[in-house]
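Me: Please examine the structure below with me, one question at a time. I should like each reply to end on the value or name requested.

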Amino acid sequence: MGPDRSPNRWPVIALSNIVKRYVMGGNDVYATRGVSLSVSSGEFVAIMGASGSGKSTLMNIIGCLDVPTSGHYRLDGVNIRDLDDRELSRIRNRKIGFVFQGFNLLPTMSAIANVELPMAYAGVPSKERRHRAEGALESVGLADRMGHFPNEMSGGQQQRVAVARAIVTDPSLILADEPTGNLDSKSSVDVMSAFASLHAQGRTVVMITHEEDIAAYATRVVRLRDGIITQDHHQTPSHPHESHLAHARQAEGSSALAGRP
Amino acid sequence: MSILANALMALRGINSNKLRSLLTMLGVLIGVAAVIVLLAVGTGSSQAVANSINRLGTNTLTVFSGGGFGGGTSQAGTQTRNAVLTQTDVTLISDPNSAPDVQSVSPVVTTSETATHQGASATTSVIGSTPSYLPASNYTVQSGRSISSADVKAHALVVDLGSSTASSLFATGSNPLGKQVQLGSSEFTVIGLLASKGSSGLSNGDAVAIAPYTAVQDQLTGESQSFSQLLVQGKSSATLSLAQSEVESILAAQNDTTVTNLPFSVLNQASLLSTATSSSKTFTALLGWVAAVSLLVGAIGVMNIMLVTVTERTREIGIRKAIGAPKSVVLGQFLIEAVVISLLGGVLGVLAGLFVVRFRIDGVQPVLATYSIPLAFGVALLVGVFAGLYPAFRAASLRPIDALRHE
Ligand SMILES: Nc1ncnc2c1ncn2[C@@H]1O[C@H](COP(=O)(O)OP(=O)(O)OP(=O)(O)O)[C@@H](O)[C@H]1O
Ligand SMILES: [Mg+2]
């Protein structure tokens with residue numbers, strides 16, 4: 001059943017005619033050329049498209065990190081242009097969990113301190129912060145890397161720290177820009193299982209990916225080309241254990257397990 | 001987010017770049033210490049100048065005969081005569097009707113003699129005067145007694161010895177009182193010892209022998225009609241210039257001339273002091289400016305470091321904003337960092353300044369100017385806040401995505 005047909009679903013994200021224009025040396029570069037998209041609560045959306053098609057641009061706008069050149073964006077029914085800095089930071093802190101394409105961890109802080117940071121801004125007491133950060137890092141398979149600094153970790157490990165930081169506040173909207181881009185199949189399954197379980201709990205997930213296997217987790221796939229939506233269809237998510245990722249996991253299992261103490 | 005959590009975050013920021021924080025702190029430290037030390041040197045040297053002038057005697061005018069622009073002579077009509085300071089002048093100046101602002105006037109005859117006692121000798125300046133000379137020129141009797149009016153009247157051969165003259169003539173431990181000291185060809189009886197005054201730069205105020213002027217005129221100078229100086233003590237330093245004009249008009253009348261053509265020079269101790277004080281104030285102010293410049297340089301250093309810090313950490317600011325740090329928290333973090341750095345630098349600077357001030361610098365014993373501590377400290381703190389505010393405000397106002405894209 002389609003999410004928009006269900007009576008208890010409401011549009012979390014409502015983009016209408018979003019245009020993002022950059023001026024580069026006198027030339028206009030359009031990253032998006034009028035994107036309209038509505039995502040209902042509880043959907044798991046995969047955004048796909050070639051490199052440079054405007055996926056990250058769109059994601060940054062959805063995540064309230066950037067503002068469109070023109071067009072309207074309503075988040076939970078609120079036009080974000082009407083919000084001030086404090087309200088926006090509250091939304092970024094409480095409502096949204098953002099996984100960046102480039103991780104964006106603080107290099108001067110350990111993995112666990114990075115994961116604790118959004119909770120620090122939310123005013124969570126330090127004991128609880130630590131406890132929840134440990135849980136989030138365990139769920140992405142990094143129980144043994146908590147005290148490591150970003151430069152002491154592989155790209156995949158950093159990406160999983162970024163995922164842990166995004167999910168630790170238990171946000172209702174998870175936005176992930178190629179969350180498995182640097183991961184092997186085993187780690188991809190860890191991360192996608194974390195997203196799938198958040199989705200199962202009713203969270204809304206929007207994720208950018210280049211991989212069809214990863215997109216298979218989603219209930220809806222949106223394809224972009226040159227800043228325009230070319231395809232938007234609903235699908236039944238394939239269960240992680242039925243996908244070939246699970247087979248890959250079994251194939252790699254012995255070596256992956258050997259790599260972990 | 002609480003102030004405390006924010007302060008902790010700021011401390012972590014300082015800690016994560018120790019060298020840079022340390023250098024910034026050093027800039028503030030040097031600026032603050034320089035302000036304190038230089039102002040203390042200025043205060044110390046102006047106090048030293050004031051002290052040495054005060055030792056000459058306070059509230060006093062010295063009238064020198066033969067000095068002044070008149071060249072020691074005065075023209076009255078066709079008559080020309082040598083202008084001298086006489087007993088009549090003394091009597092007129094000490095009359096409260098003609099000179100109401102004069103406390104006392106002491107005629108002075110001076111000569112330099114070799115004083116001897118049982119083979120020991122010392123060159124000493126012999127001052128012949130009246131009892132009022134001692135308090136007027138800040139001499140105090142340590143033991144024995146001062147010369148008296150009776151001694152003056154009786155032409156008594158008695159003397160009060162300055163401390164260095166006494167120590168040159170008498171062995172330590174022996175009591176000079178009542179002993180005979182030979183000045184020139186005459187024997188004087190020591191009746192008092194004067195407390196040390198210290199040297200006042202030009203002359204050693206302790207290498208003196210003070211005797212009744214009548215005795216000095218009789219025995220040493222041979223002169224009996226005139227004095228080399230008059231030491232006039234005013235009633236207060238505030239009215240000293242009034243006393244000066246009274247003295248000047250009396251002397252002008254006595255010599256049939258005008259005040260401007262007075263054949264004597266009148267040295268006003270108070271105006272000497274105020275000239276010296278104002279020039280040393282200028283000196284202190286100059287030092288203060290030098291110190292202010294060094295504090296300013298320190299301040300620019302802090303500002304520069306804060307700008308670099310913020311630019312360098314723009315991505316960090318982007319990340320913090322992207323995961324929910326509001327502008328105020330980012331602003332607070334950088335502001336607290338700047339304040340902590342300048343506060344620490346300020347405290348260390350005050351301590352360094354207090355330490356350095358304990359030593360003599362270029363022969364000047366610095367005297368801590370209390371106002372310099374809150375001044376330097378306040379300026380350091382203010383600088384920290386302003387230096388931190390602008391870059392922090394700039395960083396905190398960035399849109400997260402722009403901060404994140406910053407390389
Ligand atoms: N700050 C910028 N200034 C100028 N042009 C930009 C800027 N950011 C993005 N673009 C342009 O906008 C277009 C879309 O970029 P975007 O990052 O959204 O692509 P993407 O779909 O995420 O690509 P990828 O899959 O490689 O991450 C690109 O052509 C890019 O050159
Ligand atoms: Mg991208």
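Me: How far does a backbone N or O atom of Ser53(A) lie from an oxygen atom of ligand 1?

Reply: The model is predicted, so local features need pLDDT of at least 70 and side-chain atom pairs count only at pLDDT 80 or more, while totals for chains, interfaces and linings use all residues; side-chain values use heavy atoms, with hydrogens and water left out. Residues are numbered from 1 along each chain as its sequence is written, with chains lettered from A and ligands numbered from 1 in the order in which they are written. A polar contact is a pair of N or O atoms within 3.5 Å; within protein, one must be able to donate a hydrogen and the other to accept it, and residues adjacent in sequence count only if both atoms are side-chain atoms. For the backbone N or O atom of Ser53(A) and the oxygen atom of ligand 1, the distance is 3.2 Å.

Me: What is the distance from an oxygen atom of ligand 1 to an N or O atom in the side chain of Gln101(A), and how much of ligand 1 does the protein bury?

Reply: An N or O atom in the side chain of Gln101(A) is 2.8 Å from an oxygen atom of ligand 1. Taken alone, ligand 1 exposes 630 Å², an area from the Shrake-Rupley method with a 1.4 Å probe (for residues, only the protein chains shown count as cover). The share of that area buried by the protein is 71%.

Me: Which element gives the most residues to the shell around ligand 1?

Reply: Ligand 1 lies between chains A and B, and 15 residues surround it, a residue being near if one of its heavy atoms lies within 4 Å. Those that come nearest are Ser51(A), Gly52(A), Lys55(A), Ser56(A) and Thr57(A). Helices (H or I, at least four residues) and strands (E, at least two) are DSSP runs, numbered from the N terminus. With three residues, the element that gives the most is H1(A).

Me: How many residues of the shell around ligand 1 are charged?

Reply: Ala, Val, Leu, Ile, Met, Phe, Trp, Tyr, Cys and Pro count as nonpolar, Asp, Glu, Lys and Arg as charged, and the others, Gly among them, as polar. The shell around ligand 1 holds four nonpolar and eight polar residues. The number of charged residues in it is three.

Me: Which residues are the protein donors of the magnesium ion, and how far from the ion do they lie?

Reply: Donors are N, O and S atoms within 2.8 Å of the metal (3.2 Å for Na, K and Ca); water is not among the atoms, so sites may look incomplete. For the magnesium ion, ligand 2, the protein donors are OG of Ser56(A) and OE1 of Gln101(A), at 1.9 to 2.3 Å.

Me: Why does this pair tie together separate parts of chain A?

Reply: Ser56(A) lies in helix H1, whereas Gln101(A) lies in the loop between strand E6 (96-99) and helix H3 (111-122), so the pair joins parts of chain A that are distant in sequence by 45 residues.

Me: Is Gln333(B) buried or exposed?

Reply: Gln333(B) is found in helix H11 (residues 327-356) of chain B. Contact means heavy atoms within 4.5 Å, and the residues that Gln333(B) touches, not counting those up to four places away in sequence, include Asn6(B), Arg313(B) and Glu316(B). Buried means under 20% relative accessible area, exposed over 50%, and partly exposed in between (1.4 Å probe, protein chains only). At a relative accessible area of 1%, Gln333(B) is buried.

Me: How many residues of helix H10 of chain B are buried?

Reply: Helix H10 of chain B spans residues 314-322 and is mostly covered. Among its buried residues are Glu316(B), Arg320(B) and Lys321(B). Just after H10(B), Gly324(B) takes a positive phi of about 115°. Of the nine residues of the helix, the buried ones number eight.

Me: How far apart in space are Leu194(B) and Leu134(B)?

Reply: Leu194(B) is found in strand E10 (residues 186-194) of chain B and is buried, with a relative accessible area of 1%. Leu134(B) is one of the residues that Leu194(B) touches. The two are 60 residues apart in sequence, and their C-alpha to C-alpha distance is 9.3 Å.

Me: What is the phi of Asp76(A)?

Reply: Asp76(A) lies in the loop between strand E4 (70-75) and strand E5 (78-79) of chain A. Asp76(A) is partly exposed, with a relative accessible area of 31%. Its phi is positive, in a residue other than glycine, and is near 55°.
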